[in-house]
Structure formats: structure tokens, C-alpha cells
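Subject: Structure for your review

Dear colleague,

Please find below the structure I am handing over to you, together with its sequence. I would be grateful if you would read the notes that follow alongside it.

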Number of protein chains: 2
Amino acid sequence: MPPKTTQNPPPRTRVGERIDRMLALLEQQVPMTRRVVHAGDTVYQASDPLTCLYIIHSGLFKTVNLSPDGREQVAGLHFKGDWLGFDGIAENQFACDAIAMDTGEVWAVRYDALLAACTTIPQLLAGFHMAMSRQIGRDRDTMLALCTLPADARVADFLRYWADSMEQRGLRTDQITLRMTRAEIGNYLGMKLETVSRALSRLERDQVIGFTEKGRRDVHIPNVRALSDFVQRSLAHAA
Amino acid sequence: MPPKTTQNPPPRTRVGERIDRMLALLEQQVPMTRRVVHAGDTVYQASDPLTCLYIIHSGLFKTVNLSPDGREQVAGLHFKGDWLGFDGIAENQFACDAIAMDTGEVWAVRYDALLAACTTIPQLLAGFHMAMSRQIGRDRDTMLALCTLPADARVADFLRYWADSMEQRGLRTDQITLRMTRAEIGNYLGMKLETVSRALSRLERDQVIGFTEKGRRDVHIPNVRALSDFVQRSLAHAA
DNA sequence: CGGCTGGTTGAGGCATCTCAAACGCAGTGG
DNA sequence: CCACTGCGTTTGAGATGCCTCAACCAGCCG
């Protein structure tokens, strides 16, 4: 039996509380429509006109960026409390596809209604800006990882980010289900699926992660710190 | 004598007009302080508390992201009309260093004053959000290039972006001065300085760019389209 | 002049990609 | 129940693009 770091009910977290406050604020102050989605459903598509932004109430989403010449990339992963659609504000139409990777619920908020509400509710405006800012910060960190980490470490860092996101939201982090194929992970991390597979195998061999019973899609993470340590070791070893 | 695509005075451009309108709006409606900077000056540093955002009135700036373990990366390049400091809104303190690469001027606007003005001037709020959104879109495009383009194409795409940015602002695009060393370019693009140097040499050999007289820091771009074409050829050749 | 910084170029090594084979699992239809 | 197929994964072997290391060059400044 693998070691458990925690099996307690979700603890209240600072991030979790912030998210809940924001959701409650929206619910009370801004008209919105709830929408239940299932794996594969698109929330919006590139070139759709922007009328709504979407905030994730539950579930897991990806945004897929694609260039005129047909290259495409998973540009971001989004969890409860994240917004979808910031990319569309500049041109008044979306620049990515936003796709559900799992059953979940998004709240659609008309952008004009949101702005109207923001003029009278400062916390709403502040929360909105913080969300955009956080998105920018995350993208920057992703770029940093892409540019400075070798493949193995990039995969480890990816898992660490996933686990951190779960933890911040009060969800269990010791066992996560990757709802992405190796090819998708590779696309996100800028490497080929075989490289992802090898990296995961090495992480397993080093006891940093484990796989649960049948199938190798659920990842067992006994200790999130071990992932960070693995990244650091990769860097130290290179130097 | 190299061919000239244009030697006209800067044409009015749509982007240029948008930028000028935004600058004028700020000037009229929001208290701000102008600050002249020179190459190497820092506009703000990571972990500084955020009180102001900065909009670029002239000059060229970079933002440098750094991780706790000491890795660092040039995360963005910023021209006239771009804002600096979005990264700091989430945590109320900056997450990057913002550094001038040239003589220029930034306008510092207190964030609280900006928000206050935004509540009464909808165009200001709209412009502000568009700027953040544009930043997100750019970061996404950068990630796409990092993940899908080989080194040569990445350098070509970098130059294309630079030239496009100049053109959008009504500046001449046939000859640009890279105020970055090869090492800095490489850091930004996720490759080593030697690789950048080789890529530039190949672009020169293929007549896609030229170098002006002495020194190889000024790049001559007779035709921006040729850079895009080079990128496409790299992709086609790979497939 | 001599030292320094930044750039170019070559040779060899290594990380990642490519190509290929085989496996496990789920779904389907006999 | 058992082929049989299809998709996602793993693993190996060889190719290659980029990195590393090193030499050399050009401009700049004290």
C-alpha cells in the first residue's frame, strides 16, 4: 500500500476562499447563465465574437492556441475559479479554443454586464484584474519552464503545477487523473509523446511518482515536494 | 545599395492611432508622472510593491522573469503604448524586473488612481483591459513559437515580430537595431547564443536579412514577408 | 597597445526526435 | 466467450538538431 500524505477532507485554503468569494460575488451581483459541459465540449472557439467571459465553477479545461498556418498548441490549463476568454477582449473575438477536459460547469457572464457591475463594485473589478494578472504570471512561468528546463524536469514541473493547483483548491493531491494523452502533454510542454512517456517512466523509477494499478493514466504523487526536488536535481546535475 | 521598401515619413496606422488615443486619454484624465529612462535603467523590480503601472511613451523595454532557484528569462519585449506591470496586480507586488533597453520615457500612473478614473471613463477601462488581453495573446503566441518552431524559424519569427511591432507604430521596418546581445536573444527564444548567431548567418546567406556596414548588430530587413516565408519554408521542409 | 566584451565559426557530444515494434485495454461483433 | 480492431502507451535503435567547448576575430576603451 502506497504511503498517504493526507486523507483528510479538503482543508480550507487561502486560494480556495478567494475563489469562493469571487464566485459568490458574481452570483449575487452579475447576471449569468450556468452551463454544464462534458469532456470534449467547446466553451468557445477561436474567431467567435466575444460576448461572454466564463468562470469555471467546476471541472478542468484547456485553451488551444492555433496559428494561421495550422500549428496548434495547448496553451493553458484551467481549474475552478479561473476565467476563460481573456484572450478575446483585445479584438472582441476569441483567439483560442476553450475545451472541457472533463464534466464541469462554467458560468457565462456577459462582458458588458460585468463591466457595468465593476463600476459600482470595486472588489469585483479588483478580482477581475487579479485574475487577468495571474494568467499573465502563469504564462510567464510556463515560458520560463519551456526555455530553461530539460524534458524530464519539464514533465515533473508540469505535474507539480497540477498538484499545486489541486492543493490550492483544497482537492486531494496524492492521486491525480491526467485527462490528457501523452501527445497532449507533449504538445503543451514542447516535446514529443515518446519523450513524455520516457520522462514519466524515469519519474516512476526514481519513486517520485507512481502509477495506480491498471493503466498508467492515473498518477500517484506521494509527495509534491519530491517533484520540486527532482526539478532542482535536474538543474544541479546539468551544471 | 540595398533596396528600400519605404523611406516615407511614418504613415498613420490603426494601431498607432489607438496608442495615441490611449496616451492622450491618460494624459487628460489621470494624474501621472513622466520618467525618462536610459538603457539599463530599471522601471521596477520583482518584489517591489505595486503602486504604479507604467505605460511606455517611447523607447524599448524588456521584462525579465526569474524563478526562486535563480533561472531567469527575458519574458517580454515592450514598445510604445505597451503597459508595464500587469504581472504585479495579482499579488500587489511585481513578479518581473522591467528594464529599459534604450533611452525612452514611461508614464507612471498610480494603480488606484487609474481604477478610480476607470469607473467614470469607460473607454479608459476598455483600453486597459484590451492592453492586458493583448499581453496574454502575445505570450500565447510566444509559447506557440517556442514549442513548434525550430531554432532558425524561431529567430526569423522573432525578427518578424519586431518588425511588425515597428510597422504597427509607424516606424521604419527596413532597418532595425537590436538592442540585445545574441545571448539575450537566445535567452528569450530558448536557445544558446551560438545557435542565434548561426541562425542569423543562415538568414543572411538566404538573403532574408542583411547586416549593415560595420558590426552585425543592426539588421536590415528588406522585406518582412520574406521572414514569414522563411518560417513557413522551415515548417514545410520538416514535413 | 592590451584587455574586454560581443560575435562568428568549427568539431564533437548529447538530448531529443524519428521510426518502428510490441503491448494493454476497451469496445465490437461473431 | 473469444477474436479482432483501434487507440494510447512503452520501449528500443538510429538519426539529427542543438549544445558544449574552443579558437579566433572585431570593435571599444582605458
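The notes below concern the surroundings of one DNA strand and two groups of paired strands in chain B. Please bear in mind that this is a predicted model.

**Surroundings of DNA strand C**

DNA strand C has 17 residues around it, of which Ala151(A), Thr195(A), Arg182(B), Ser201(B) and Arg216(B) come nearest. Of the atoms of DNA strand C that come within 4 Å of the protein, 62% belong to sugar and phosphate. By residue class, the surface near DNA strand C consists of nine charged, five polar and three nonpolar residues.

Several phosphate oxygens of the strand deserve your attention in this respect. In chain B, a polar side-chain atom of Arg182(B) is 2.7 Å from a phosphate oxygen of DNA strand C, and an N or O atom in the side chain of Ser201(B) also lies 2.7 Å from a phosphate oxygen of that strand. In chain A the backbone is involved: an N or O atom of the Lys192(A) main chain is found 3.3 Å from a phosphate oxygen of DNA strand C. Two elements supply two or more residues each to this surface, namely helix 6 (193-205) of chain A and helix 6 (193-205) of chain B. The largest contribution, four residues, is that of helix 6 of chain B.

**The three-stranded sheet of chain B**

Chain B contains an open sheet of three strands, ordered 9-11-10, with antiparallel pairing. Strand 9 (175-177) and strand 10 (210-211) are its edges, each pairing on one side only. Between strand 9 and strand 11 (residues 218-220) of chain B there are three bridges, in the antiparallel sense. Within this pairing, Gln175(B) has His220(B) in strand 11 as its bridge partner.

**Strand 4 of chain B and its partners**

Strand 4 (residues 61-66) of chain B is mostly covered, with five of its six residues buried. It runs antiparallel to strand 5 (residues 72-78) of chain B, to which six bridges join it; one residue pair here is Asn65(B) with its bridge partner Gln73(B) in strand 5. These two strands form a hairpin with five residues between them, and Gly70(B) in the turn has a positive phi of about 105°.

Strand 4 of chain B is also joined by five bridges to strand 7 (residues 96-100) of chain B, again in an antiparallel arrangement. In that pairing, Phe61(B) has Ala100(B) of strand 7 as its bridge partner.

Yours sincerely

Terms used
Residues numbered from 1 in each chain as written. Chains lettered and ligands numbered in written order. Predicted model: local features only at pLDDT ≥ 70, side-chain atom pairs only at ≥ 80, totals over all residues. Heavy atoms only, no water. Near = heavy atom within 4 Å. Polar contact = N/O pair within 3.5 Å; in protein donor to acceptor, adjacent residues only side chain to side chain. Nonpolar A, V, L, I, M, F, W, Y, C, P; charged D, E, K, R; others polar. Pairing = 2+ DSSP bridges. Buried < 20%, exposed > 50% of the residue type's maximum accessible area, 1.4 Å probe, protein only.
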